[in-house]
Each structure stands twice: as structure tokens, then as C-alpha cells.
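Me: I would like to go through this structure with you, part by part. Could you begin with any term I shall need?

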Amino acid sequence: MDQLNQLSLEKQLEIASEKYPDILHEEHKEKEKKLPELKNVHGKVVMRLAPSPSGPLHLGHTRLCILNDEYTKRYGGELILRIEDTNPNNILPEAYEMIQEDCRWLGVNFTQYVVQSERIPFYYETARSLIKQGNAYMCSCKVEDFKRDLMNSTACPHRNISPEENLSIFESVIGNGPLQEHPVLVIKTDLHHPNPAVRDWIAFRVIEKPHPHTGRKYRFFPLMNFCVAADDHDLCLTHVIRGTDHINNTERQKYIFRYLGWKLPEYFHYGIIHIGDVILKTSLMKKGIISGEYTGWDDVRLATLRSLAARGYKPETFRKYWVDSGLNDVNADFSWEIFNSINRQYIDKTSDRYFFVSSPEKIKVDDAPETKALLNLYPNDDSRGFREYTVTKNPILYIPGQDMSEIENGDTIRLKGLYNIRKEDGIYRFAGTEVHGEKKKIIQWVSEDSIPFTIKKPDGDDDHGLLEKRATGKNGIIQLERYSFVNKVSDSTALFLHK
RNA sequence: GCUCCGAUGGUGUAGUCCGGCCAAGCAUAUCGGCCUUUCGAGCCGACGACCCGGGUCCGAAUCCCGGUCGGAGCACCA
């Protein structure tokens, strides 16, 4: 090989073309984008989705759902939907059901459903094992003191209490007896760990608020890192993929695996995709819904799955977008441009075309004969049917205010499917029916008896105008020509989808 | 500040592990052309990127060092 490499490039090519002609004629085939293979796959894989039930799923969650679903479908195996509801302060009771519905809508089929609040005794048992080993201790330091000790790598007074005493404190706390202070259970790691985030961390804390599922049965609730470690092992997870925001959590969780001699799943952390222009914080959405600012979880301004579905985004769009984005470990920005373009591919063929005139302006067309307008429901495809109108002579019509403002005296424009008009001295006149010839601006129009229509847009600004009459009674995703795709939900309203 | 991570066109990615099929592919956006009675779809074309500086090597987007920039985490949230 070294000898080969000494040769000039030409020489190498010469030899290569004689001996291995194939390798020089490799064409670039267009590949369907595919997720990389998982490491360490031995047969089936077990993966999980672990949302907290603070609200329904939103755009941000869909990435994790799709990625995990793609892998469990590829390799076969289990996809566990695990509801992380060990913080009673952060639960929307309806969310348990909503999350499952959202997954099904996305085409994500989880094969097991686990609710953490039903597994508290298991967490207690795991905690007891760690306490007995001396790897966990009960602590009642003040929050500030606890943090200060960690930063200074010093042990708090409780760190050296005997396992027996810790166990008895633990039992009394979970036994719902009287409490003077609010103790926590701490997992011992390494006070000198270079990363302060990994030093002794809190595994359980007292929350007196009743839990929507378990009421007052428990008050000593495990925190995320503890449940995740215990459950990932108990549920036999083989692979865990999640965002880089969990890297430190993974380090913390590994201590429990080590203490208990558990086999680690294969971890993969991907870069965080920042999604701009929308509200994704469930707490903010909830606040807005309670205050009445938003109409509900499917309000057009929110980026919940419900809202996006209501606007007309397809499940396939989410899947393709996230598969195309891959598992890059670099943080990136979400691209609405690309997302919308993908969705357009899925909806264009099935969307009928109609005219909507935004900010309508009235015009009268002089010298116009009575005319029949025949408009395709879908361009160039007569088999899809037509919208047919008889327009009276010298009619009153409405055109978009935006277009109206751009018409100069002397301009001829085409009313699509009808005829041409020319503006002279501020008056509109019939200007023939010739479609071709001189290049004209082509605009949509509606007649006087059209219906008032509102488009609700995600930015909160609604567009008002007139919708052509033949659209009456037909709901679903349609394209309003020269305006955008929308999901028509009634004869007076549609939700804005995208251009 | 501490720990860790990363850097490919306007945007999103492929390639980086195992240096040569990469004078860098795809998508999207933009611009032009064709088609079309939509600013949609389709077809064709153009534009446009390996963060900077060193090093190793016949050869570096790919390996090494330094710098710069960016990000994630540092909760009794998940």
C-alpha cells in the first residue's frame, strides 16, 4: 500500500482502472435519507418516550417521538410510552389521555404504557437498596447550605449518618408521620467530581400537594433522575436517545446503575433544535388558556400537535422532517420553510382551489356582457370538476385590496376564469376575453353574493374577506389561490396553514 | 465562573469514525427559463459552503495543536 501511495495520482488511476474498473464509475444515486444505524443492537431494541403530563405534545416533542418510533420499527422491539408524573405540581390531568392521542395521530405506536406515579413502591424499594449500601442519605440541610457545600466539595453533616439511621428516617418520611422539616434523599456520587452538576444529587423530596392520581397516598416523590435510572433498568431499555440537554443527567443516572450493578443502555445525545417564532413552553400555554387569551390547547397560535393538526399539517410531514434532520449532535434551528415545503408535497394534490379575496375592494365593470366563468377545482385536471358562475352584465365584483392598490390607469388585468378588465380614468371596463397574448397580471375575484370569511393566522392577526360561494359546505384543506393553503373548518372560518 | 460539546452555502443536512471515489452530494430558499388562466405544483438552469492559523502527509472537510465563535448543563423541573 505504501508503495502504491508513492505513485502519482495519474499512475494510481491508471492501475485502478485496469484492475478495478468498477470503483471509478460509481454514480451518485439519489438516496432516501435514512437515520444512522444504532450501536450495539443485538436483536430487538427497547426504547422509550418519556414526556411529563403537563400538557399535550407540542412540536418539540415530535422529534423524540418520531426518532424513537423509527428505530423501534426498524429493528423491531418495544416502544414504551412512560408518563413522568412524579411532580404533582406540574400535572394536567387531561394530559395523560391527550399524549396518547397525540402519539397515535403521529403514527407513533407505543407498545407499552407506563405511568410513574403507579410505581412509587418500586422506587422506594430501589431507594432502600441504595441507602443500605450507604450510597444514599437523608438530608435536611437548607437549600443554600446544600448547594454551597456542593460547590465547595464539602460533605454536609448528614452525609455520614449510618445506613441504619438513614433507613429509619426514610421509613418515617414515607410513612406519612409528622414532619418537622422537609428532608430529601440524596444520592452520593463524588464530591470532587469536576462537574458540579454531577456531585451528590437529590433523588426524592417532600411534596404535600395531593397528586391527581395517587391523592395523598404518597408525599415523598422521586425526582426525574432517580425514576429514569430505575425505570430504564427495570423496563429493560436497550437504547436511549435524547437531547444533549440530558448529558449531565445521564452522568448522574449512571451512578445508580453502577451501585446496583445494572447494565447500562446505549445512550445517544443529539443536538438541540431551536424552534423559533412559537410558544413551546407548556406553562405559558396553560397560563394563556386559563386567562382566556387562547381558546384552548389547539389555539391556532400555539405549536401544539393539536393546533398544527388542526391547521392541516400531516403526520408524514413531521416524520419526514425529523428523519431528514437526522441525529446531528450540533444544535440547529428548526426551519419552518423546509417543514412547510414538505407539508405542501403531501397536501397539494388533494387540495381543491378556491378564490378568497382578502380586504375586498368593490369594483364595477362597465361594458361587460353576461359571462359564464368556469374554474377548475384543480389546475389542468378537468376530472376533478369545476366551480361555475354566471356573472351578470356590468357586474359588481370584489378584488383583493392589495391588488387594487397596485393597478394603474391604463393597466389591463385578467380576472382569472372570467375576462380582462382595463382601468381608464379610474373606471374599470371590459377588455375582452383573450387569455393569451399580452402578458397580464392574473388575479382572483368574487361576486357580490360571496360569503364573509375569516382566516385565523398563527401570528394572531386574522385576515377578513370574501370566499367564493361554491366553497360553501366544503371543509378541509384547500388552497385559496394566490393566498395560501388553509384548513376550512366552517363556512365562515379557516385556519391558516402555509403558502 | 465550572463541566462538556460542536463548527460544511441564507436555512437544514450528506460526507468526518477508517485521509485519496469530494475541484464537496441532496433538500429548501433566491434568481432566470419552460409549462400553467394562482404568487401553488411540475420540468430545466444559475447562484451559493468545508470558522481562522499552524502541523503531519504524496494527498486533509476528514487526523493533531492553538485560536476564534457558537451551544448545552450547572433546580428539592422534566
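Reply: One definition is useful at the outset: a crossover is called right-handed if, with the strands pointing away from the viewer, the path from the first strand over the helix to the second runs clockwise. Please also bear in mind that this is a predicted model.

Me: Understood. Which elements make a right-handed unit here?

Reply: Strand β8, helix α9 (residues 247-259) and strand β9 make a right-handed β-α-β unit. Within this unit, β8 and β9 (residues 266-270) are paired in the parallel sense, over 5 bridges.

Me: Which residue in β9 is the bridge partner of V240?

Reply: The partner of V240 is Y267.

Me: Let us turn to pockets. What is the volume of the largest pocket?

Reply: The volume is about 1200 Å³. The pocket is lined by 47 residues, and A50, H61, L64, D245 and H246 are the closest to its centre.

Me: Which elements supply at least two residues of that lining?

Reply: The contributors at that level are β1 (45-49), α3 (59-75), β2 (77-83), α4 (95-106), α8 (224-234), β8 (239-243) and β10 (273-274). Helix α3 gives the most, with 5 residues.

Me: And how does the lining of the largest pocket divide by class?

Reply: There are 24 nonpolar, 14 polar and 9 charged residues in that lining.

Me: You listed α8. Is this helix mostly covered or mostly uncovered?

Reply: Helix α8 is mostly covered, with 8 of its 11 residues buried. The buried residues are N225, F226, C227, V228, A229, A230, D231 and D232. After the helix comes C236, which has a positive phi, near 65°.

Me: Which other residues have a positive phi without being glycine?

Reply: Two examples are N176, with phi near 60°, and N380, also with phi near 60°. N176 lies in the loop between α7 and β5 (184-187), while N380 is in the loop between β15 (371-376) and β16 (386-391).

Me: Why does N380 count as exposed, and why does N176 count as partly exposed?

Reply: N380 counts as exposed because its relative accessibility is 77%, and exposed means over 50%. N176 has a relative accessibility of 34%, so it counts as partly exposed; that class covers values between 20% and 50%.

Me: New topic: aromatic contacts. How many aromatic pairs are found in the whole structure?

Reply: The search finds 29 aromatic pairs. One of them, F170 with F220, is edge-to-face, with 6.0 Å centre to centre and 65° between the planes. This pair links distant parts of the chain, since F170 is in helix α7 (residues 163-174) and F220 is in strand β7 (residues 220-222), 50 residues apart.

Me: Are F170 and F220 buried or exposed?

Reply: Both F170 and F220 are buried.

Me: Which residues do ring pairs link into a cluster?

Reply: Ring pairs join W105, Y313, F318, Y321, W322, F334, W336 and F339 into a cluster.

Me: Now the sheets. What is the strand order in the open sheet of 7 strands?

Reply: The order is β21-β18-β19-β20-β14-β17-β22, and the pairing is mixed. At the edges stand β21 (441-443) and β22 (446-447); each has a single partner strand, so one side of each is left without a neighbour in the sheet.

Me: How do β14 and β20 run, parallel or antiparallel?

Reply: Strands β14 (residues 360-366) and β20 (residues 427-430) run parallel and are joined by 2 bridges. In β20, Y428 is the bridge partner of V365.

Me: Finally, how many cavities of 30 Å³ or more are there?

Reply: There are 2 such cavities. The largest holds about 50 Å³ of space, and its lining consists of F355, L375, Y389, W445, V446, S447, S450, E468 and K469. By class, that lining has 5 nonpolar, 2 polar and 2 charged residues.

Me: What lines the second largest cavity?

Reply: Its lining is formed by Y137, F146, D149, L150, T154, A155, C156, R159, L191 and D200. Helix α6 (residues 143-151) gives the most to this lining, with 3 residues. The second largest cavity contains about 40 Å³ of space, and its lining residues divide into 6 nonpolar, 1 polar and 3 charged.

Methods
Residues numbered from 1 in each chain as written. Chains lettered and ligands numbered in written order. Predicted model: local features only at pLDDT ≥ 70, side-chain atom pairs only at ≥ 80, totals over all residues. Heavy atoms only, no water. 1 Å grid on protein atoms, 1.4 Å probe; cavity = no way out; pocket = protein on both sides within 12 Å on 5 of 7 lines; lining within 4 Å. Points joined across faces, edges and corners; volume = space filled by probe spheres on them. Helix = DSSP H or I, 4+ residues; strand = E, 2+ residues; numbered from the N terminus. Nonpolar A, V, L, I, M, F, W, Y, C, P; charged D, E, K, R; others polar. Pairing = 2+ DSSP bridges. Phe/Tyr/Trp six-rings, centres within 6.5 Å; stacked < 30°, edge-to-face > 60°. Buried < 20%, exposed > 50% of the residue type's maximum accessible area, 1.4 Å probe, protein only.
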